[in-house]
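Me: Hi! Could you walk me through this one while I have it open?

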Amino acid sequence: MSQQTRAYNFNPGPAALPLEVLQQAQEQFVDFQGIGMSIMEISHRSKQYEQVNDEAQALMKELLGIPSGYEVLFLQGGASTQFAMIPMNLLQAGTSAGYVLTGTWSDKAYKEAKLIGTAYAAASGQENGFTRIPGQEELTIQADTAYVHITSNETVAGSQFMQYPDTGSVPLIGDLSSDIMCRPVDVSQFGLIYAGAQKNLGPSGVTIVIIREDLLQNTPKHLPTMLRYDTHVKGKSLYNTPPVYSVYMVNLVLQWIKQIGGLAKMEQLNQIKTKLIYDAIDQSGGFYRGLVDPSSRSLMNITFALQNEELEARFFKESENNGFVGLKGHRDVGHMRASTYNAVPYESCKALAEFMKDFQKKNG
Ligand code: PMP
């Protein structure tokens with residue numbers, strides 16, 4: 001199959017994967033490295049799988065420029081399990097956690113933390129309907145704060161931090177599920193980064209956690225083994241049977257990013273792609289309306305509205321008839337959303353921008 005015959009996939013997650021990666025996985029599917037078996041049929045303690053695990057960890061470190069003193073883990077349970085594991089491991093009695101509220105996903109993380117301990121809103125975009133990421137001056141960090149949590153990219157609202165908050169000596173925790181590897185990141189700003197793989201890194205089933213070693217020191221003794229970060233650090237992410245195929249696919253996607261030229265190049269490509277669609281919105285004279293303030297617009301999820309529901313329904317139907325997939329906005333927000341993750345090709349974005357202009361001509 002060539003890129004021309006693939007769908008214009010704008011799904012929010014699970015999302016598009018690079019065609020080259022899918023083809024490589026297909027080639028190796030039945031017989032991995034000449035062993036006469038697939039990677040799914042061998043022990044996770046085999047030297048073949050160990051190599052995949054080590055390579056994926058090394059590539060994460062290389063591409064993100066992770067400094068020494070951090071561990072990279074491959075865990076299960078999705079980013080949603082991290083919403084609980086973070087306060088379980090890091091929120092000691094007598095401390096509280098600050099959450100920067102920017103939309104659906106930060107709110108979920110916040111609610112989960114409140115089930116476990118004391119959490120407060122360190123800043124909130126609720127008043128402006130989550131159309132803008134709060135700035136540094138809007139941040140309040142209380143005394144005895146164990147960590148401050150942010151959602152780097154709000155997948156539903158379509159907003160993204162352009163600059164991460166400075167939290168001083170308080171560890172910053174980042175949910176990068178929907179924008180990890182879309183641009184360079186200074187990992188040293190964070191105590192912990194986590195991301196479900198199924199948008200920018202591979203299929204679902206594995207969640208990446210990057211944790212600074214000093215945060216492993218005060219894990220409460222009563223925590224169940226599987227929910228402790230130190231278990232997975234000691235076990236090199238092989239404490240129990242890992243999601244072998246997902247990690248294998250992540251390794252291939254990381255190789256693909258490296259081959260393209262790394263994260264600075266990825267960001268450049270993402271900017272070119274998203275500009276096509278944001279320009280179609282901004283130059284439409286109000287026919288399309290972006291849902292997020294331009295200062296906080298996401299490189300990964302472009303949200304926009306048309307003038308009324310009837311027009312939106314027509315837009316969606318016609319987009320489907322023209323080979324576009326996944327453009328309906330999330331049920332929390334409605335309207336339209338085009339998810340333009342790393343693996344969504346330039347051609348798909350160009351086709352969407354042209355479709356938008358054409359639709360406006362016919363319906364404007
Ligand atoms: N955080 C963000 C920013 C997300 O977009 C998502 C999934 N859409 C999640 C967390 C939850 O991820 P998972 O389904 O892996 O639990």
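Reply: Happy to; we can take the ligand, then some helix packing, then the backbone.
Reply: This is a predicted model, where local features need pLDDT of at least 70, side-chain atom pairs count only at pLDDT 80 or more, and totals for chains, interfaces and linings use all residues. Residues are numbered from 1 along each chain as its sequence is written, and side-chain values use heavy atoms, with hydrogens and water left out.

Me: Cool. Which residues come nearest to the ligand?
Reply: Ser80, Thr155, Asp175, Gln198 and Lys199, out of 13 residues around the ligand. A residue belongs there if one of its heavy atoms lies within 4 Å of the molecule.

Me: And which polar side-chain atom lies 2.6 Å from a nitrogen atom of the ligand?
Reply: One of Asp175. A ligand nitrogen is also 2.9 Å from an N or O atom in the Lys199 side chain, and a ligand oxygen is 3.0 Å from a polar backbone atom of Ala79. The cut-off for such a pair of N or O atoms is within 3.5 Å.

Me: How much of the ligand does the protein bury?
Reply: The protein buries 84% of the 400 Å² that the ligand exposes when taken alone. Those areas come from the Shrake-Rupley method with a 1.4 Å probe.

Me: Which helix gives the most to that shell?
Reply: Helix 3 (residues 78-90), with four residues. Helices here are DSSP runs of H or I with at least four residues, strands are E runs of at least two, and both are numbered from the N terminus.

Me: What about the classes of the shell residues?
Reply: Three are nonpolar, eight polar and two charged. Ala, Val, Leu, Ile, Met, Phe, Trp, Tyr, Cys and Pro count as nonpolar, Asp, Glu, Lys and Arg as charged, and the others, Gly among them, as polar.

Me: Switching to packing: at what angle do helix 7 and helix 9 pack?
Reply: Helix 7 (residues 262-282) and helix 9 (residues 346-363) pack at about 5 degrees, with axes 8 Å apart. The axes are lines fitted to C-alpha atoms over the stretch in contact, with angles from 0 to 180 degrees between N-to-C directions. That makes the two helices roughly parallel, a label for angles under 35 degrees.

Me: Who makes that contact?
Reply: Among them are Ile272, Leu276 and Ile277 of helix 7 and Cys349, Leu352 and Met356 of helix 9. Contact means heavy atoms within 4.5 Å.

Me: Last one, which peptide bond is cis?
Reply: The one from Gly13 to Pro14, with omega near -10 degrees. Pro14 is in the loop between strand 1 (8-9) and helix 1 (19-27).

Note on methods: A polar contact is a pair of N or O atoms within 3.5 Å; within protein, one must be able to donate a hydrogen and the other to accept it, and residues adjacent in sequence count only if both atoms are side-chain atoms. Angles under 35 degrees count as roughly parallel, over 145 as roughly antiparallel, 65 to 115 as roughly perpendicular and the rest as oblique.
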